[in-house]
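User: Could you walk me through the packing in this protein? I'd like to start from the structure itself.

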Amino acid sequence: MTISVLISAYNAEPYLFDCLNSIRTSNVFVEVLAYNDGSIDNTKDILQSFSFRNPLISYRYFSSKINKGKIYGYNLLFSHATGDIVCLLGADDIAPSYRFDLISSEFAGVDCIASTYTPFFSGYEYHNSSSVTSLPSKRDIFFRNVYHGGCLFLSFKTASSIFPLPSNLTSEDWYISYHLIVSTASIKLLTISTLFYRLHSNSDSGNCGSSSYSHWSHLLRRECAVLRCLLHVESRYDYRILLYTSLLLRLFLIRRSSLSLSFSVLLSILLLPFSIYPLRYTAKSLKLHFS
C-alpha cells in the first residue's frame, strides 16, 4: 500500500525543510508530490535539492514560473498521483513520525480516515489537539467545516470522485469534507493527532488567535467562496436550500457594521423553518461579532 502526499508550496522557505524532513521517517511506501507555485523566495531550490534518503519514499516535484494558486497545485499533483491513499500536507505543517505508519495500518475496508491535528506556533510550542471525537451529523457540514484537510486520508477512488477541485476554490478543507459527508463514503475516525498545524500570520486561515473583525470577516469571505463552489456542483434541492441559508448568514455577518442586533435576530427567526442549526450558528457568531 502506497500513500501519495500532495504538497503545494508558495513562498514556504521558512517552513518547507521542516515539512519535508518530517516525512523522512516513514516505514511504509510513500509517494511525495510537491509543487512550487511561482515562489519568489528559495522554495524552488529547496524542493529541487531535497533528498529523503529513504528507499520507501519516491519523490517528484513540479514548478511554475507564475503563481497559479494552491488549488491549481493540488489538482496538478493529484493528476500524477499513483498511491492507494491520497492526503494533503501543508508546506508549513509537520507530519508526526508515526503519521503514515498509522494510516497504513488502520486503512482497511474504509473509503476515508479522518483524524485530528495539534496546532503550534513557529517556536514549537505545542497546544492541545483539536477535539473531534465523533463523526459529525450530515446537517453540520452545511454550516461549518468539520475536518482539517491535512487530517483526511482518502482512497484513490474516493479522491477521484472529488478531484479536480474547482479552480476558484479558496479553501479545500470544507469542500472535501462536504463531499465526504453527503456521499456514501465510509469514514473511520481516529482521535489521535496526525498533523502538527503551524499557526502564523501568513497561514491560509490566518489563524493566530486574532479576534478582530477584519480577521473574522476574511474567514467568512473565504467560507462564502466555498459555499458558492458547493452550490455550483450541488443539484439536490433540499441540500441547496441549506447551503443558500448558510451563505446568506455569512453575507449578513460580513455586513455587520450596517446591521443592528435586532435585525440579525429577526433574520435568524425567519430562517428557522429551514433548519434549527442556522439559529445556533448565528447566535454563536453574534456573540463573537458584537462583543
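Analyst: Happy to! Buried here means under 20% relative accessible area. Please keep in mind that this is a predicted model.

User: Great, then which residues of α8 are buried?

Analyst: Helix α8 covers residues 237-254. With the under 20% cut-off, its buried residues are Tyr239, Leu242, Leu243, Thr245, Ser246, Leu247, Leu249, Arg250, Leu253 and Ile254.

User: How far apart are the end C-alpha atoms of α8, and what span should its residues give?

Analyst: Helix α8 has 18 residues, and at 1.5 Å a residue they should span 26 Å. The distance between its end C-alpha atoms agrees with that: 26 Å.

User: Which residues touch the most other members of the largest nonpolar core?

Analyst: This core holds 47 residues. Elements that each supply at least two of them include β2, α3, α7 and α8. The residues touching the most other members are Leu6, Phe142, Tyr178 and Leu180.

User: What does tyrosine 178 touch, not counting residues up to four places away in sequence?

Analyst: Tyrosine 178 falls in the range of α6 (172-182). Two of its partners, Tyr239 and Leu243, are buried residues of α8. The full set is Ile141, Phe142, Leu230, Glu234, Tyr239 and Leu243.

User: Is threonine 194 buried or exposed, and which side chain does it join in a polar contact?

Analyst: Threonine 194 sits in strand β8 (residues 187-199). Its relative accessible area is 0%, so it is buried. Contacts beyond four places in sequence include Pro96, Arg99, Cys151 and Phe153. Its side chain makes a polar contact of 2.4 Å with that of serine 115.

Key: Residues numbered from 1 in each chain as written. Predicted model: local features only at pLDDT ≥ 70, side-chain atom pairs only at ≥ 80, totals over all residues. Heavy atoms only, no water. Core = buried A, V, L, I, M, F, W, Y, C linked by side-chain atoms within 4.5 Å. Buried < 20%, exposed > 50% of the residue type's maximum accessible area, 1.4 Å probe, protein only. Helix = DSSP H or I, 4+ residues; strand = E, 2+ residues; numbered from the N terminus. Contact = heavy atoms within 4.5 Å. Expected span 1.5 Å × (residues − 1). Polar contact = N/O pair within 3.5 Å; in protein donor to acceptor, adjacent residues only side chain to side chain.
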